[in-house]
Amino acid sequence: MNANDMLPYGLGNPDLVEAQEGYFVDRAIVDDLNKLTDACRKAGFELRIESAYRPFEKQLSIWNRKARGELQLLDANGEPMQRPADEEELMYAILTWSALPGASRHHLGTDIDVVDGGACPPGYEVQLTPAECTGIFAKFHEFLTARIREGAAFGFERVFAPGRGKIRPEGWHIAHLPTSRKRLENFSLATLRSIYENTDIACKRVLLARLDSLAEDYIYPYFV
Ligand SMILES: [Zn+2]
């Protein structure tokens, strides 16, 4: 297996470009991202990236720290919750807000979380919550929604939409679909399984036991 085959899992060496300070994306989406950013600017919005490419190790670190109680677990309403003692409950609690390592769309380099930088008051800390999408960033998201509906968003679309799979809707997450489809062509659950078998990952036993159903709920619905 060559290194390129490992790209969908956040492994290997993707061809990355720093699109905004500290945020890297796949070189293939840069032109369209610039076009979308320009269109936003002309409409009075500052498309600001809050998250972009994330390698496997980073997602694994989030996963393991949540499992060990080093990062706060949040319930479905976004409220802090107690860490479940049962491994399966713990795994599903983490999945409420964190993608499976090796199956996060942020591994692809084609997906970004965006806000309107121009709408942020000085010192404002972005949360990436549904409330922000209908609040402080509502005008920006309405603009994006209209562009997407008109087919005028240069290949970008929302992925974590209501009615798809079990990941909660994330209005702030957009993907360059023509590129991400290519990146996902060779994704294989068998490869993900072997990655887990060879990784020090929390909840490993139940992850491996439930992998097929996890894929149906948390992975494949978002291969759009
Ligand atoms: Zn995201």
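How many bridges join β4 and strand β6 (residues 173–176), and in which sense do the two strands pair? In this predicted model, β4 and β6 pair in the antiparallel sense, over 3 bridges. Aspartate 113 stands opposite histidine 173, a residue of β6.

**Sheet and hairpin**

β4 and β6 belong to an open sheet of 4 strands, whose order is β3-β4-β6-β5 and whose pairing is antiparallel. The edges of this sheet are formed by β3 (47–51) and β5, each of which pairs on one side only. On average, and with direction ignored, neighbouring strands of the sheet are turned by 45° against each other. Helix α6 (residues 177–184) lies across β4, β5 and β6, and runs at about 75° to β6. Strands of a sheet pair through backbone hydrogen bonds, in either a parallel or an antiparallel arrangement.

A further antiparallel pairing, over 4 bridges, joins strand β1 (residues 16–20) to strand β2 (residues 23–26). These two strands form a hairpin with 2 residues between them, and glycine 22 in the turn has a positive phi of about 85°. Leucine 16 has aspartate 26 of β2 as its bridge partner. Aspartate 26 can also be set against proline 122: the two are 96 residues apart in sequence, and their C-alpha atoms are 30 Å apart in space.

**Three residues in loops**

The table sets out the loop position and the C-beta neighbours of three residues.

| Residue | Loop | Other C-beta atoms within 10 Å | Class |
|---|---|---|---|
| Proline 122 | between β4 (111–116) and α4 (130–134) | 4 | exposed |
| Phenylalanine 154 | between α5 (138–149) and β5 (156–158) | 18 | partly exposed |
| Cysteine 203 | between α7 (189–197) and α8 | 23 | buried |

Proline 122 counts as exposed because it has 4 C-beta neighbours inside 10 Å, where 12 or fewer is the limit for that class. Cysteine 203 is buried because 23 other C-beta atoms lie within 10 Å, and the threshold for burial is 20 or more. Phenylalanine 154, with 18 such atoms, is partly exposed.

Two of these loop residues are also notable for their backbone angles. Phenylalanine 154 has a phi near 60°, a positive value in a residue other than glycine. Cysteine 203, which is likewise not a glycine, has a positive phi of about 65°.

**Helix α3 and its neighbours**

Which residues of helix α3 (residues 87–95) are buried? They are Met91, Ala93 and Ile94. Seen down the axis of α3, these buried residues fall within an arc of 160°, so they line one face of the helix. An α-helix has 3.6 residues a turn, so residues three or four places apart point the same way. The buried residues of α3 pack against two other helices, α2 (56–68) and α8 (204–209).

**Two domains**

The domain assignment of the chain gives domain 1 as 1–54 + 104–179 and domain 2 as 55–101 + 188–224. The C-alpha centres of the two domains lie 22 Å apart, and the contact between them takes 15 residues from domain 1 and 16 residues from domain 2. On the side of domain 1 that touches domain 2, the residues divide into 6 nonpolar, 5 polar and 4 charged.

Methods:
Residues numbered from 1 in each chain as written. Predicted model: local features only at pLDDT ≥ 70, side-chain atom pairs only at ≥ 80, totals over all residues. Arc of directions from axis to C-beta. Contact = placed C-beta atoms within 7 Å. Domains from an automatic or database assignment. Nonpolar A, V, L, I, M, F, W, Y, C, P; charged D, E, K, R; others polar. Pairing = 2+ DSSP bridges. Axes fitted to C-alpha atoms, helices over the stretch in contact; angles between N-to-C directions.
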